[in-house]
Structure formats: C-alpha cells, structure tokens
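Here is a short guided tour to read alongside the structure. Keep the view open as you go, and look for each place as it comes up.

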Protein chains: 2
Amino acid sequence: MAATLAALTNQQVRLAARPSGLPKPGDWQLTEEPVAEPGPGGIVVQTLAISLDPAMRGWMNEGKSYIKPVELGAVMRAGGIGRIIASSNPAFAVGDVVSAGTGVQQYLSVPAAELKRAGVFKIDLRLGSVHQWLNVLGMPGMTAYFGLMDIGQPKAGETLLISGAAGAVGQTAGQLARIKGLRAVGIAGGPAKCEFVVKELGFDACIDYKAPAPAGVPRWDPVRAGLKEHCANGIDIYFDNVGGDILDAALARLNRKARVIICGAISQYNNEGGAVAGPKNYLSLLMNRARMEGLVVFDYAERFPQAVMEMAAYLKDARMKSREDVVRGTPADFPATLLKLFRGENFGKLVLEFAPA
Amino acid sequence: MAATLAALTNQQVRLAARPSGLPKPGDWQLTEEPVAEPGPGGIVVQTLAISLDPAMRGWMNEGKSYIKPVELGAVMRAGGIGRIIASSNPAFAVGDVVSAGTGVQQYLSVPAAELKRAGVFKIDLRLGSVHQWLNVLGMPGMTAYFGLMDIGQPKAGETLLISGAAGAVGQTAGQLARIKGLRAVGIAGGPAKCEFVVKELGFDACIDYKAPAPAGVPRWDPVRAGLKEHCANGIDIYFDNVGGDILDAALARLNRKARVIICGAISQYNNEGGAVAGPKNYLSLLMNRARMEGLVVFDYAERFPQAVMEMAAYLKDARMKSREDVVRGTPADFPATLLKLFRGENFGKLVLEFAPA
C-alpha cells in the first residue's frame, strides 16, 4: 500500500510556540508531508472532522496538567472522526469509520503498537452522525454525562445551572438534567443562543450574559439579575465551563449541600501571563456546606460505551437534540476557527470538517 | 431564688457596631445588669470560661451566613462552660457543670423553654478539664473530628496538611490523623509553635510560615519551600483554616483525588470592606480531580456524643494531647483577647476564663 499512500499529501498544523494570551498565527506552523507507511497490523485514517475544544488552549501550555502538553513542533492534538483508507489489521477494514486522536491533520498513520495509544475505535453512524460523534456521543457528551451523573449527583426537582449552555458540554448537560427530572437553567451569550437553549433544547430558562442594561438600571449585572429571577430558590448543581465572574455569581446563590462541577474555565485560559482569577466567593462552600470538584472525562473511559448507548437512545427518541457549528475547510483553517471558541462566536459544538462522511 | 440572683451583677459584652477590618474597641459595649429570674423549670449558669474562635469575626458581620449574625446591641455570642448556680429544673442540680451558648457574660439565665436553643448539656469533668471541653471535647475538637473523618475520608498512609496547626482545630485534626495512620504536616507561625506541633503533638513535620529567608535565597516563600520538603509526594487532604496564599500553595501540591476541607479563612476575615481573595489555583481541582468542601460542625451535632467518647479515650491514654492558651479575666478583657487570634498571638486553643472550676 506504500505506493498509494506516498501519493497523498498530509497537511498538518504543528505547535510552533507557546502562546501568551490568545493564540496568534505565529504560534502555529503549517506543514505538509507524505503519509507514512504504518507497517504490519497498522492502519491509515483519513480525518473527516476534528473537534475544537476550549481544553486545547491548556494543552498548548508548558507544565503539569491532567494531560501532557503538546510538544513544540508536534502536530496539534485533536480528537477526530476518520475513515480507514488502508489497513493490514483484521480488526479494521477499509471504509470503517473510527474515532481517534487524529490531531490537526488530514491523515493519521497508526502502527499496530500505537492503536491503543491513539484511541482508535470503530463507531456506528446509525447511532449518530460524524458531527454528533464529536459532540453528544463524543468527549463533550461524555463530559456532560459523567460530570452531571457522577459529580453532580442529581436529584429530581433540583435546579441545575450551566454556563456555556449552547456549547458542546452545556447543551447535553442541560438536556440530560431535564431528562433526569431537574430544572435546567443555562447561561449563554446573546438572544439567539438563549432562544435556542430554551425553545430547541427545552431548558427552563437561559440567562444572556451579554444582555444590555434596561433603561434606568445602574450597575447592571445581567448574570446576577438573571440568577435572581431564574434561580430564585437557589442552585443545587452548578456545572462550570467558564470560571471568573460567572462562577462567583453562581457561588453566591448556592443551596445547602450544592455541588459545583469544575469542568473548565474558558474565561481564564487566555489571560496574559497565565494568571487565573480565583473565585472570591469560595467561602460560600463553607456557608452552604457545598463542594466543588474537578472533572476530567478520561477517568471514565471504561464506562463510555454504556453512556454512549444511553445518549444514543435519547437522540433516537428526540429527547436529546444536538447542534454543531461545522466549519468546512482544511487544517490551514484551524488557527482562525479555534479563536471562535474564545470569542464565544461558535453556536453549538465547534467542528472543523475536512471531508464529508 | 430571685432575691439571691438580684444581688449578682452580670457583666456583659455587647456588639455595638459592625466592624470593618479588625474589630475596634468602639465596636463593643460593656454593660452590667442584674441576673434575670429564669422562671419555673429554668436554670442560671455562672460562666466559668468561654471559647474564643476565629468564627466570631464572621458572626459580627451582617448578612446571610451559616448562622444568624449577632444583632447590634445583643450580648456577643460565645460557647462556654459554666456551673449551675440556681435551678428549678429536675435535670440540672446546683453545682452541675454544663456546656452552653453562654455568650460573653458572667451569668446566663435560661427559662425552661430556651434550654434547647441555648444548647445546655451537662459535661463530665472526668473526661477532660473545663478547658479541654472547650477544645478537643468541644466545638474545635468536633470540627477536627468530622472535618477529617467525614469530609477528609482519610486513608492510612496518606498525607494530611493542616494550617493553624497549633490552634484549636489544627492540633486535634493532626493528632487524629496520626492516630488513623496518616502522615500529618502542620503549618504554624514561629519556631516555638512548630516545635510544639512536632515534639509535643507528634506531627511528622511543621512548616513555619514566618520563617525568615536563608542567606542568598531571593523571593523566599517559606510555605512553598516547606511543602516541597515535607509534602514531596503531594497532599491528599488539606484541612484549611486560613485561606489566602497558604490555600493557594496547598492547592498547587494536591494529589490526584485530594480533598480540601474548607473550615475557615482567618487570613481573610478582617479584610477592609469584606473582600475575600479567591484561590487563584482552584483549577488544581480540575487537574487533579480533587474536591473542596465546606464544613460546618453544627451539622454533626447528633454524632457529637460518640465522637466525644472516642476523643476522651485518646486523651485518657495520652495518644491525644491538648494545649489551651488561657487568659484569666472578665468580660471586659474579651475585645483585646479576641485580637490575639487574628494576630496569631495565641498558642493553643484560646480560652477566656472568668472563674476557676
């Protein structure tokens, strides 16, 4: 198969520098190389689409985290969906569609010994589309599922608040909370996202954190005003994707024994110099005997198959909807597309598609 | 009994103003009044000693907390130990020693209907001294016990870090951790306290947060240096009594699945304007899948008797030691004595004694 592969050009995005603040064009390097021969038992995957996630910003930083940083000069890490275009492994046939840590590149060549490390597994497009396999059936959906169910310990009748409600994790967590009998209140930016969250996804309410001040209201704080209205009886579970001021506003309204799921802090990832604003209201945890706990979805990998089946059933009977913001392009479009996330410009789970399924 | 009581003068300290920053003399009012007749079924308690606690600062603030604020003009709230000097209640005999919410005053007159609200219960001085009943067998000891055992979920071989290690909660939590098979590392201010914590209480190590910089060390941070040395394998449980920079230093060294017990934040209670510094390193909870949980000891009241018996047994066989910093005086000495806590000048659990047992 070497002859065929050598004819293909693999366009890649590599990390060229560790950014301070928002990633700049110069932090990336666009490279091209032939597709490597994977050897006996290996496979070659053509990347159909990759997932663009806030967590990517953290992977670009040096230093200890829940996962190793991307090394300078390496292909940028990304989860993706691809199609097998070459295989000498009996477990994979040409044409199979797989989930894998494809990276930001058009082709992934995986020697047999690295199949596990690359996280390659076959997916069933009858359960959901390629885009949904990067969303509700993929990492964001698993994050929503295990964050809510394991850390959140939801009880019917409770109130869940979730920031980034129109985003990948938010949309699924809120809908799952509704399915489990909770009230779901979202926070999102702008009237279009808020309308979508309530009318399409069925949240009980959505707070527009960008809402302009009504006439005659000094010191307007749309989040605090919205929480007063929509979480009048307090918050039992806060699923935090943003950190910063919104985390503080949520902490101020916790109920007794509330649970705060720390899933991300997108408002803080691009601070110059890497400083993070700590939650000034953290003593609300003391006052309310509440807890705040960090979530890393990889810890639940063994239970993904069962969660995927549950979520696929909700998709099938339309109790769960999903929305992806799909940008069609090449790896060269990755740097600009990633910035949509940090500007809040994506509407739904952000996907960069290289080829149709 | 009215004639006898009327002859007694009850000196009291009342809250005169809500302080900003450290409580000032003008925030208090010293009053005197006769001892009220408690009526049928009531009792009169002579206060022997009261407990002075960091939490008192919070009770002086307006606004929602885990307990109602002390009202302006009211006798300052305090837990104390007293002796029954008058009783028409068959459950209490003159001479009995009780624990009660005495307030900062020399006498407490409790009508029958208010015995429960005042938290009056008989104590056994064979289990511990008056001072120990305000320390290891009282609220600080119960705080240490339920914080460590219920929120901390300790496992033998783990490392506990505790700030305020020479203080009331700290000394007991660290010794209890040792009894349960953990390594205990304390943080305290000054070599005398650190020596006491290690040599007397048997902690494995104690970090002096006031330690001066060794020669030739720029940007000296004694806590971070101490943690690097004494928590080289990370922290499994951090019992936080102080907040601020020390909380951030501890967060930076959490182990996977660590538990942070938020018991207090004495470094933040007297900030002007009430602003609190949030933990900048809170995303360590995410990186390490750790949790941070607030502790209010009153929630465990039903289990106090059992915990007291366990702690009394440790005192008896000298596996548990206690140290109280006893100031002898009158209610008039309360305002100045309380400030010892916030200046870190107390050495052991701070007690204000009005009369010997």
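## An exposed residue in a loop

Arg219(A) sits in the loop that runs between strand 10 (205–208) and helix 7 (222–230) of chain A. This is a predicted model, so please read every value here as computed from it. Is Arg219(A) buried or exposed? It has 6 C-beta neighbours inside 10 Å, and 12 or fewer counts as exposed, so Arg219(A) is exposed.

The backbone is worth a look here too. Most residues other than glycine have a negative phi. Arg219(A), however, has a positive phi, near 45°.

## Two neighbours after helix 4 of chain B

Now move to chain B and find the loop between helix 4 and strand 8, where Gln153(B) has its place. Gln153(B) is not a glycine, yet its phi is positive, at about 45°. With 12 C-beta neighbours inside 10 Å, Gln153(B) counts as exposed.

Pro154(B) is found in that loop as well, between helix 4 and strand 8 (159–163) of chain B. Pro154(B) has 19 C-beta neighbours inside 10 Å and therefore counts as partly exposed, since a buried residue needs 20 or more. Which residues does Pro154(B) contact, leaving aside its neighbours within four places in sequence? They are Leu148(B), Met149(B), Leu160(B), Ala177(B), Lys180(B), Leu182(B) and Ile237(B). You can also look across to Asn255(B): it is 101 residues from Pro154(B) along the chain, while their C-alpha atoms are separated by 13 Å.

## Helix 4 of chain B and its partners

Start with helix 4 (residues 139–152) and helix 5 (residues 168–179) of chain B, whose axes come within 8 Å and cross at roughly 45°. The two helices are therefore oblique to each other, and helix 4 of chain B passes helix 5 of chain B in a right-handed crossing. On the helix 4 side of chain B, the residues that meet helix 5 include Pro140(B), Ala144(B) and Leu148(B); among those on the helix 5 side are Val169(B), Ala173(B) and Leu176(B). By class, this contact between helix 4 and helix 5 of chain B has nine nonpolar, four polar and no charged residues.

Helix 10 (residues 304–316) of chain B is another partner: its axis and that of helix 4 of chain B come within 10 Å and cross at roughly 95°. These two helices are therefore roughly perpendicular to each other. Here Gly141(B), Met142(B) and Tyr145(B) of helix 4 meet Phe304(B), Ala307(B) and Met311(B) of helix 10. The contact of helix 4 with helix 10 of chain B has five nonpolar, one polar and no charged residues.

## How the two chains meet

Finally, zoom out to see both chains. Two copies of a chain are related by a rotation about an axis and a shift along it. Chain A superposes on chain B after a rotation of 180° with 0.0 Å of shift along the axis (RMSD 0.0 Å). That is the relation of a two-fold axis. In chain A, the C-alpha nearest the axis belongs to Gly278(A), 2.1 Å from it.

How many residues does each chain bring to the contact? Chain A gives 25 residues and chain B gives 25 residues. Strand 13 of chain A gives the most to the side of chain A that touches chain B, with four residues. That side of chain A has 16 nonpolar, four polar and five charged residues. Because 100% of the interface residues of chain A are also interface residues in chain B, the copies meet through the same surface.

Conventions: Residues are numbered from 1 along each chain as its sequence is written. Chains are lettered from A and ligands numbered from 1 in the order in which they are written. This is a predicted model: local features need pLDDT of at least 70, side-chain atom pairs count only at pLDDT 80 or more; totals for chains, interfaces and linings use all residues. Axes are lines fitted to C-alpha atoms, for helices over the stretch in contact, and angles run from 0 to 180 degrees between N-to-C directions. Angles under 35 degrees count as roughly parallel, over 145 as roughly antiparallel, 65 to 115 as roughly perpendicular and the rest as oblique. A crossing is left-handed if the near helix is turned anticlockwise from the far one by less than a right angle, and right-handed if clockwise. Two residues are in contact if their C-beta atoms, placed from the backbone, lie within 7 Å. Ala, Val, Leu, Ile, Met, Phe, Trp, Tyr, Cys and Pro count as nonpolar, Asp, Glu, Lys and Arg as charged, and the others, Gly among them, as polar. Copies are superposed by least squares on the C-alpha atoms of residues with pLDDT of at least 70 in both.
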